[in-house]
Each structure stands twice: as C-alpha cells, then as structure tokens.
Amino acid sequence: SARVESLQGQVGSLQTEVQQNHETIVAKDASLEERRRELATVYCLVGTKQQLTRQGAIVASGGVLGMGKTLLPSGQAGVGVPLDTDVATVVKTDAAKARVLTAQPSSSYELRLVDGRMELHILNPEEFRKVRQLVIVTA
C-alpha cells in the first residue's frame, strides 16, 4: 500500500506538470499567432482623391499652378483597415478605375476588372507586405 501511495503521488505531480506544460504551449501558440498576424497585416485605404486627401492618407506635390501634381501616400503608419494578407488576398473597390499609390512591388499584385469594379488580387503576400500600407485611389 505504501508503494501504491507513492505511485499515486507521482501520478498527481506528473498530471500537474502536464497541465502546466499544456498551459505554456497554449500561451506560446497564442503569442506566435499574434506575431504572425502582426507580420502579415497591411493597412489598407481605398477611396477617391478627395476622400483620401481629407483623411490625410495622400498628399499632392509638385506641379505648377495646381496642374500636374503627383499624388503620394502621406506615410501615416497604422492608418486604415487592417488586412491579414495570409487570409485575405483580394481588396475590392466600388469603382471601375483604380491605381495603387504605395510602393508594393508590381509583381506581387494584380488589378482586375470584375463585374465593372476593380479588385486588387495579391499574388505574392510575402513581397506585397514589405510595404505595410496600401493606398488605392479610385476614380
């Protein structure tokens, strides 16, 4: 009976250790998922020139007397709708014309006209998310 009690004590301590290890693994998995989501997130802004200017997402520079200005992203980090590029690979717009203002590599995405509306399709998420913000100007 002493041996049985000793073994029951060991079983109890082993169960406690297994539970602690399980909790550690769950916490590490949650941390890894949060980090993966953080690395895969691109902040997306889609709108007309006027909408994006009001939001402060783009600025017009250069040109003469208001003509020939170039639209550039303002570079405000973390502004826009978060897009997890590991999960979502399509950004839909409500316009028939659209162009990307940010510096995503052109080989990492494709603009397609689908049912009269432009959609951005991410072809290479790793390359695409090297630039953390996506600004699409619609017309």
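## Main nonpolar core

The largest nonpolar core has 13 residues; Val91, Val100, Leu120, Phe128, Leu134 and Ile136 touch the most other members. Four elements give two or more residues to this core: strand E1 (41-48), strand E6 (98-100), E8 and strand E9 (133-138). E8 provides the largest share, three residues. The model is predicted, and this core is a feature of that model.

In general, nonpolar side chains tend to be buried together in soluble globular proteins.

## Contacts of Leu134

Leu134 is one of the residues that touch the most other core members. Neighbours within four places in sequence are left aside here. Leu134 is then in contact with Val42, Tyr43, Cys44 and Leu45, among others. Its contacts also include Val91, Val100, Thr102, Gln104, Leu120 and Phe128.

## A second core

Another core, of eight residues, lies apart from the largest one. Its members include Leu45, Ala57, Ile58 and Val135. Leu45 is also among the contacts of Leu134.

## The three-stranded sheet

Three strands form an open sheet in the order E5-E8-E7. Their pairing is antiparallel. Strand E5 (90-92) and strand E7 (109-114) stand at the edges. Each has a single partner strand, so one side of each is left without a neighbour in the sheet. From one strand to the next, the twist averages 25°.

E5 and strand E8 (residues 117-122) run antiparallel and are joined by three bridges. Val90 has His121 in E8 as its bridge partner. E8 thus appears in both settings: it stands in the sheet order E5-E8-E7, and it gives three residues to the largest core.

Terms used
Residues are numbered from 1 along each chain as its sequence is written. This is a predicted model: local features need pLDDT of at least 70, side-chain atom pairs count only at pLDDT 80 or more; totals for chains, interfaces and linings use all residues. Side-chain values use heavy atoms; hydrogens and water are left out. Two strands pair if DSSP finds at least two bridges between them. Axes are lines fitted to C-alpha atoms, for helices over the stretch in contact, and angles run from 0 to 180 degrees between N-to-C directions. A nonpolar core is a set of buried Ala, Val, Leu, Ile, Met, Phe, Trp, Tyr and Cys residues joined through side-chain atoms within 4.5 Å. Buried means under 20% relative accessible area, exposed over 50%, partly exposed in between (1.4 Å probe, protein chains only). Contact means heavy atoms within 4.5 Å.
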